[in-house]
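Student: I am new to this structure and should like to look closely at a single part of it. Could you please begin with one residue and its contacts, and then proceed outward to the surroundings?

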Amino acid sequence: MFVVTATGRVALIERRRQGLHYWAVPGGGIEPGESPEEAARREVHEELGLDVVLDREVDRQGSQVFYVARVETERALRLGGPEVQRNSADNSYEPVWVPRELAASLWLRPRGSAMVLAQL
């Protein structure tokens, strides 16, 4: 899920895990009874602390569905959900706003998300 501001910044999760440093697009699995859209909104709420309205689906790669949600301003990001319990020095999650042009050049996960972001 890409959460993008009117000024062109995108919300990502900066990750440090097992000696690796990368950025992740908010997202995750679909729970029983959930639609992909409901899962996307839930994951953004858990990982960023934002309630968003989906703008549109922008890509599908296998079982992964990418959506975009646009917000007017950069609201404060707050990590929640299961990531809070897993957050540690060796497995860190830090929600951040990043300029879209920079974000597309970062090591983004899941694979293929940088290509999708560059096309937004």
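Tutor: Let us take P95 as the starting point. In this predicted model, P95 is in contact with L12, I13, E47, L48, L77, R78 and L79, once its neighbours within four places in sequence are left aside. P95 belongs to strand β6, which runs over residues 91–99. Its relative accessible area is 11%, so P95 counts as buried, the limit for that term being under 20%. A69 offers a contrast in separation: P95 and A69 stand 26 residues apart in sequence, and their C-alpha atoms are 16 Å apart in space.

One of the contacts of P95, E47, leads to another residue. E83 touches E47 and also Y93, again not counting residues up to four places away in sequence. E83 is found in helix α2, and with a relative accessible area of 6% it is buried.

Another contact of P95, L48, leads to the nonpolar interior. In soluble globular proteins, nonpolar side chains tend to be buried together. Here the largest nonpolar core has 18 residues, and L48 is among those with the most contacts inside it, together with M1, V3, V44, L50, V52 and W97. Strand β6 is one of the elements that give two or more residues to this core, the others being β2, α1 and β5. Apart from this core lies another, of 16 residues, which includes F2, V4, V68 and A103. M1, one of the well-connected members of the largest core, touches V25, P26, A40, V44, V52, L54, Y67, V68 and A69, with residues up to four places away in sequence not counted.

P26, which M1 touches, brings us to the largest pocket. The space in this pocket comes to about 540 Å³. Its lining consists of 26 residues, and P26, G27, G28, Q64 and P110 are the closest to its centre. At least two lining residues come from each of β2 (9–17), β3 (20–24), α1 (36–48), β5 (64–71) and α2 (82–86). Helix α1 supplies the largest share, 5 residues. By type, the lining divides into 15 nonpolar, 5 polar and 6 charged residues.

Helix α1 also takes part in charged pairs. Side chains of opposite charge can pair when their charged atoms come close. The count of salt bridges in the model is 10. In one of them, E31 pairs with R42, with 3.6 Å between the closest N and O atoms. E31 lies in the loop between β3 and α1, whereas R42 lies in helix α1, so this salt bridge ties together parts that are 11 residues apart in sequence. The two partners differ in burial: E31 counts as partly exposed because its relative accessibility is 41%, while R42, at 17%, counts as buried. Both belong to a network of salt bridges that links E31, E34, R42, E43 and E46.

Two further salt bridges may be added. The side chains of D55 and R56 meet at 3.1 Å, N to O; D55 is partly exposed at 43% relative accessibility, and R56 is likewise partly exposed at 36%. R60 and E57 form the other, at 2.8 Å from N to O, and E57 is partly exposed, with a relative accessible area of 37%.

Definitions and conventions: Residues numbered from 1 in each chain as written. Predicted model: local features only at pLDDT ≥ 70, side-chain atom pairs only at ≥ 80, totals over all residues. Heavy atoms only, no water. 1 Å grid on protein atoms, 1.4 Å probe; cavity = no way out; pocket = protein on both sides within 12 Å on 5 of 7 lines; lining within 4 Å. Points joined across faces, edges and corners; volume = space filled by probe spheres on them. Helix = DSSP H or I, 4+ residues; strand = E, 2+ residues; numbered from the N terminus. Nonpolar A, V, L, I, M, F, W, Y, C, P; charged D, E, K, R; others polar. Core = buried A, V, L, I, M, F, W, Y, C linked by side-chain atoms within 4.5 Å. Buried < 20%, exposed > 50% of the residue type's maximum accessible area, 1.4 Å probe, protein only. Contact = heavy atoms within 4.5 Å. Salt bridge = Lys/Arg side-chain N within 4 Å of Asp/Glu carboxyl O.
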